[in-house]
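Biologist: Hello! I have a chain on my bench and would love a close look at one part of its model. Could you walk me through it?

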Amino acid sequence: MATLLLALACQETVDEQEDIARLAAMKKEIVGLVGEASCREPTECAVIGLAAKPCGGPWEDLVYSRS
């Protein structure tokens, strides 16, 4: 029984590490697609929340150009 619990715990760690790596790659792709916000006026920019906190709300904001 202890061996089974240990195997499951190790599998969860591997899955979590894979998830973290996959999410980091997705964030890098999103930031690359958006690029730098080259806004001259505040109305030319927009902000979107990126990632989600367990208690609600985004972890960070991503600024992008509307044009």
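Which residue forms a salt bridge with Asp19, and how far apart are the closest N and O atoms?

Modeller: Happy to help, and please keep in mind that this is a predicted model. The partner of Asp19 is Arg22, and the closest N and O atoms of this salt bridge are 2.7 Å apart. Both residues belong to helix 1, which covers residues 2–34. Because Asp19 and Arg22 are three residues apart in that helix, about one helical turn separates them. Neither end of the bridge is hidden away: Asp19 is partly exposed, with a relative accessible area of 38%, and Arg22 is partly exposed as well, at 47%.

To place this pair, it helps to look at the rest of the chain. The structure holds two salt bridges, and the other joins Glu60 to Lys27, again with 2.7 Å between the closest N and O atoms. This pair links distant parts of the chain, since Glu60 lies in strand 2 (residues 60–65) while Lys27 lies in helix 1, 33 residues away. Glu60 is partly exposed, with a relative accessible area of 35%, and Lys27 also counts as partly exposed, at 37% relative accessibility. So helix 1 contributes Asp19 and Arg22 to a bridge within the helix, and Lys27 to a bridge that reaches strand 2.

Now for the wider setting. The protein chain has one helix and two strands, and from the N terminus on these elements run α-β-β. Of the 67 residues in the chain, 7% are buried. The accessible surface comes to about 5800 Å², and 61% of that belongs to carbon and sulfur atoms. As for contacts between residues at least 6 apart in sequence, 26% join residues at least 24 apart. The bridge between Glu60 and Lys27, whose residues are 33 apart, also spans a long stretch of sequence.

One more side-chain arrangement deserves a look while you have the structure open. The charged end of Lys53 sits over the ring of Trp59, 5.7 Å from the ring centre. Trp59 is thus part of a charge-over-ring arrangement, whereas the count of aromatic pairs comes to zero.

If you are turning the model on your screen, start with Asp19 and Arg22 in helix 1, then follow the helix to Lys27 and cross over to Glu60 in strand 2. From there, find Trp59 and the charged end of Lys53 over its ring.

Definitions and conventions:
Residues are numbered from 1 along each chain as its sequence is written. This is a predicted model: local features need pLDDT of at least 70, side-chain atom pairs count only at pLDDT 80 or more; totals for chains, interfaces and linings use all residues. Side-chain values use heavy atoms; hydrogens and water are left out. Rings of Phe, Tyr and Trp (its six-membered ring) pair if their centres lie within 6.5 Å; planes under 30 degrees apart count as stacked, over 60 as edge-to-face and the rest as tilted. A charge sits over a ring if NZ of Lys or CZ of Arg is within 6 Å of the ring centre and within 35 degrees of the ring normal. A salt bridge is a side-chain nitrogen of Lys or Arg within 4 Å of a carboxyl oxygen of Asp or Glu. Helices (H or I, at least four residues) and strands (E, at least two) are DSSP runs, numbered from the N terminus. Buried means under 20% relative accessible area, exposed over 50%, partly exposed in between (1.4 Å probe, protein chains only). Contact means heavy atoms within 4.5 Å. Accessible areas come from the Shrake-Rupley method with a 1.4 Å probe; for residues, only the protein chains shown count as cover.
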